[in-house]
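Welcome, and please open your viewer. We will go from stop to stop, selecting a few residues each time and looking at what is there.

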Amino acid sequence: MSATNLPNSETPLPPPGEILAELPEAQGLPVELPGEFECAQCEKSGPALKCMICNLCQVTYCETCWSEVAAHKEGKKGLVGVRKQLHEAIDPVVERKLDLILEPQIGEEDQEALHRQDEETAWFAVVKDDVDKLIFQDLGRYGDIVSGLSENAYPALVSFVGSTGSGKSTLIRMLMELNYLGKMSWETPVVQSAACFSTVPTSGDVHLFCDPHTCNLDNRHPMLYADCEGLEGGERTPLGSKTHKREKIRKLVPERLAEAGRDAKSRFSRRGKRMKQNSRRELEWAVDDATKRREFIVSELYPRILFTFSDVVVFVLRETNKLENAIERLIIWATAALEKSSNQPVLPHAIIVLNSLPNGAPNDFWAADTTTERVLAEANIEFPENPKFKPFIRHWKERGKKVETVRDLLKLYYDNVRVVGIPKKGRSTLMQKQVSQVYLEIKASVERSHGMKKERRMLMNSMALQFHLQSAYDHFASSLRTPFDFVKSTFAHCPIPPGFGGSILKLIISARKQVLCRIEEGKPVVRQLESLLESVASMIASCILLDIARQQIPGPTSQIFPEYRHFCDDAFKDFQEQYLECAYTSDQDYRIRCVNYRVGHKSKGHQDATGRIIAPGEYIASLDEKYIDTFAKLISTNLASMEAEFEAQRVRAGLEAKDDHELTLVANLHKDKYMVPFYDGFGGSAKFISHTACFVCLFHSPEHHLKCGHVICTPCLQTYGSSEAGCITIKSCPLHSYPRNQVYQSPQAFAVKPPTAGVRILSLDGTGGYIALGLVTENWTTTQCIEQFKSFCRKSFTKRKLGSFLAISELARANLPGLGVRQGGRYKYKKKPFQISLMKAFSTSDYLFGSTKRAVAMAKSPYKPVPKVAVITVSSASTGKAIVLGSYNHVDNSHPTFYEFPRSEIPENEFRTWEAARATCATPGYLKEFSHAGSKQVYLDGGVYNNNPIFVADSERKLIWPEVEHLLPDVVLSLGSGYSPNSAKSRKDKKSPSRNAVARAIEKLHWIATDRIENGTVAEETWDTWLRCKDCQVDPMSAGRGSIRLAGDRYARWNAKFNGHDDPPHLDDLDALQRIETETYKQVQGLDQHIKNLADHLICSTFYFQLQQAKELPPIDECNERFSVKGQIMCRWGPHSPDICSLGELFQGLNSKRNLDPLWRPYFTIRETPSGPKSPPADVIQIPETTIQKMCNSQNGKFELPEVEFTVSSRETVTEILLHLDNFSNFPISGFPCQVLMNMPNGIVPKNPLLRRGWTSKHSVPSTPNSSRGSNSLDF
């Protein structure tokens, strides 16, 4: 494993939002005012004197003298022909702010510097590559912002659109700064300087800004302002465009290259590194001059993204005498996107801002209600005959919509429309009031939008919104014609909760998909939905009967079914609400049907598969509201019928009730009569593949990959396979019908951890994720691990060269004043050689979950258990929660709160092994983050938040094997990556040179991350904290040079300690690699005895006890109760395994290697602990020479002991079984010590129903009995 965030183990890494508070510098509006004002009337002054400036007189008066001036009497106006308006008092601070916003007086050089700095706020852009292809770039701005917000934040997107020069950027800046007290810590838009006249548009691409009033850790609904490139801006590249700056740098590089000198590299190393999400997508539809035009991108691509995801669209208009033109543009902008998304939860709210209105407008006009009604009323004049609106009226009339007014027309594109006016410069107080009114309208619209989304269960938090944005980028980069489907995107991002209810829902959705495919192919389907649910009900009933047989639940099914019904009801409700399309179909063509679901229907009405709105109307339900009871009755009726059929078969077979063969009979009935015919009825089981649900039983998480592509759970593997010594062999996939559809040419074997065996954990710090994947997925030896790691380092750390454009731009920027941080030089090394190295090591096709290499290895040695492996990474858009990527599924459906365990509903979206290694090795500053296409996320090294993953490792073993979570693990070995106790001062205290808050926060995050990854002392503190959670004593002296830190007889950690160096070597210090290896080897030489004890403990834990029978014995003397226990001591390694042969040879050589008596043989002892005077004596179980000889047989080696029987004095007695390897070395076998009668299951499926996988997230898993014994519960 790699790393994760820790509870109580160390000071958690604060997200950037918390770091902001620690950064005193801020980039804000520099409001420079004189220290004191003097009243022009009374000539008084002083800091306590409150003064105001007259908007017309432009003279300062104190509060007392203001009313004494004649021009300021009530009702007085300016002279006719000069300014016919009221004299108004203006706050000097507001006036100064407006001067700086509306008429900034800066030179051309400073203006260019601001545009370069403004690049940090770019959200996405379209640029041309070297072969003239258009590339859509997500520049990571959204990820930067949300990484500093609350984990439970639900961002609201407010898009500002309008013609070039309408004042969008200016309005955003006024909304951010005008009413904000103190210095501005967020970046603000760049406004064209009054001293730099230019006809070239200012704002380019799409920039994203934070509303300073809501973007904080305490607010759950932060507002983000998207400043879109102006409409009708022509083909000239705007001053603020990314392309414009790139071209300028290209021209400047040759001039500066000669004088750059060698010290450019040192400048690069001093630069702050940004951990910024960045992804590129080729625009596949941009194939000709028309589609490559800048206006086409701005008018067709950008609206599809912004309209689809915006809560509010603010349309800024300056030409108020051409109102119909503005409304036309507002509708055209929405038209580009309206029918290019389906199941959109809400339409955005529209706010039309009339900018630069005459100051002399009546006072009542400035109220938003009045302005809205008056403007829309004026637009209604000759509305039906207006040639600008006629095409839209005709368009909607063809779709059954009646449009009589402008408001009717706008409401077809926007949820609501409001109009607010802003005056020209000159009435600062009024302007402040109107800007505040715009802000309040935006905030009210956001609240309404979020309320509707929440009601429709489509409100997205910051992470979900990021995923949907990435999905939309992919979608619209490949096609502008097909609609983006919100529900399908949601299904891919938010998997249905696991468990019985979730599996039912997945089964219904998969079956429904096959039915819809038939309809699209033109094949008529009669009663398609009712017939589908009847078939599903039969399948569900059969699965319930199978589970009843497995759990040996007594009683008739009519009494048992109520315990299962709420799962069925929940699945049906979710299907009906979120996954069942509207029943509307066209009268002209039955194939044209509505594809919107209930949650996404209200915003647009009926839409077909192309996104076209085909008719108005509400959602039409396919099923009656009471059908949920019908569905439950169908299941109950089928279950009773199956029960009767099973009883008849049982009687014919001559089986007694609760016979051991009862499960086999039920399983065959389930497979042959119900399951296989069900899948065949929907086109075959090959169309039903899931990585999150076992489609055989619907109850458990799939774990074992079969050759046909299906993944089944361990209980189903046991039911339809044959077990032998921890290995289960299955001849054919139970989901297929045979022999007609033959799939297997040979049986498939799987090694399964015996249910009574304990768990052994190896936890690796730092870059140990790479090693862990190699050990498990590639079966590397320790020698191979060393060589592979050294080769990996040499190939991966390939520095950037000046040959690439990005590096050249860095060189230019290092020598040009004012050029800010740019993404090209944030990473020290190239990603391509690094990724090629990983692909060669792990292949490009092998998946982490469902590895074909592991399947081949298991076929060669089926009795050798394959360890579970996981690595840890962090999403760049998260607030610090680690993400665990595993080669397995959890058994228990409960999830810890301090990390995530993702598993895709779509198998193709799983992580490949090399991708998991890439994600866990993406160290900030050294290697670029990893963008994973399947999950739509960008990942960083998990060591950013914790370099010692012991907490995650301990948590994962409980979730994988809940049947033994109450027991202590057999062995925990934690290996560090080296540390120096003399490490220098932490780099997190370094002062950031960046000017803006987000950049400073992320630079500081980078320094902290580098400290945590490279400084091993934090990992040692984590180990100590974990031991305290286990009630283990932490010996401060145990960390001496060359020692292993032991806690008890089962917890051990070793970390190479480099006393002779002030700092640990950097991750890329290849020169130090040999020194580290030599120093480590020297330290290991002094650990012989410790290593021998660990090896002996591991050898002993390869054996386990399988309980077969326990019965109460008559009491003796004062003993109230005693029990006889029968079972077998078995080995994890089954017969025919080369490991069992090696173990036998080790047993044979113990005498000579450890100087023991020639007749000495290893043996087991069974005893109660702690032993007392009334405890029975220890039982000694010798390992006969014949058993050892059988183990050494290279062809048919196996470990086999006769059945053992011993007595325990009570139900709560703790029993210990030890294996003695010499006179001094004895350790417990796996799973011991334990309470044999209380804690030990006797089958692969846990008997405790609370451990079953049928519980969903809506029904939390209670703690199991006695779960507190052996370890303290951890509150994460």
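Select A882 and Y899 to begin: Y899, in strand β25, is the bridge partner of A882. Please keep in mind on this tour that the model is predicted. Now widen the selection to residues 882-886, which make up strand β24; this strand and β25 pair in the parallel sense, over two bridges. Strands of a sheet can pair in a parallel or an antiparallel way, through backbone hydrogen bonds.

Next, bring in the rest of this sheet. In what order do its five strands lie? The order is β25-β24-β23-β27-β26, in an open sheet with mixed pairing. Colour residues 899-900 (β25) and 930-932 (β26) to find the edges: each of these strands has a single partner, so one side of each is left without a neighbour in the sheet.

**Second stop: a helix with two sides**

Select residues 831-842, the 12 residues of helix α28. If you put a distance line between the end C-alpha atoms, it should read 16 Å; this agrees with the 16 Å expected at 1.5 Å a residue. Now show the side chains of F834, Q835, S837, L838, A841 and F842, which are the buried residues of α28. Turn the view until you look down the axis of α28: the buried residues fall within an arc of 155°, so they line one face of the helix. An α-helix has 3.6 residues a turn, so residues three or four places apart point the same way. On the other side of α28, pick out K832 and K840, which are exposed. Step just past the helix to S843, where phi is positive, at about 70°.

**Third stop: a strand residue and its contacts**

Go to residues 349-357, strand β12, and select N355 within it. Is N355 buried or exposed? N355 counts as buried, because its relative accessibility is 10%, under the 20% cut-off. Which residues are in contact with N355, leaving aside neighbours within four places in sequence? Show S166, G167, V316, L317, R318 and I422 to see them. Then add L171: N355 and L171 are 184 residues apart in sequence, yet their C-alpha atoms are 8.8 Å apart in space.

For another pair, select D408 in helix α14, residues 406-411. D408 is partly exposed, with a relative accessible area of 29%. I393 lies 15 residues from D408 along the chain, and 9.8 Å separates the two C-alpha atoms.

**Fourth stop: the cysteines**

How many disulfides does the structure hold? There are zero. Select C210 and C215 to look at one example: C215 has the cysteine sulfur closest to that of C210, and at 4.2 Å it is too far for a bond. C210 is buried, with a relative accessible area of 0%. Then move to C708 and C733, whose sulfur atoms are 3.6 Å apart, again too far for a bond. C708 counts as partly exposed, at 23% relative accessibility.

**Last stop: the whole chain**

Zoom out to show the entire protein chain, which has 39 helices and 37 strands. Of its 1276 residues, 58% are buried. Among contacts between residues at least 6 apart in sequence, 72% join residues at least 24 apart. Finally, turn on the surface: the accessible surface of the protein chain comes to about 53,900 Å², and 51% of this belongs to carbon and sulfur atoms.

Conventions:
Residues numbered from 1 in each chain as written. Predicted model: local features only at pLDDT ≥ 70, side-chain atom pairs only at ≥ 80, totals over all residues. Heavy atoms only, no water. Helix = DSSP H or I, 4+ residues; strand = E, 2+ residues; numbered from the N terminus. Expected span 1.5 Å × (residues − 1). Buried < 20%, exposed > 50% of the residue type's maximum accessible area, 1.4 Å probe, protein only. Arc of directions from axis to C-beta. Disulfide = S-S within 2.5 Å. Contact = heavy atoms within 4.5 Å. Areas by Shrake-Rupley, 256 points an atom, 1.4 Å probe, with all protein chains shown as cover. Pairing = 2+ DSSP bridges.
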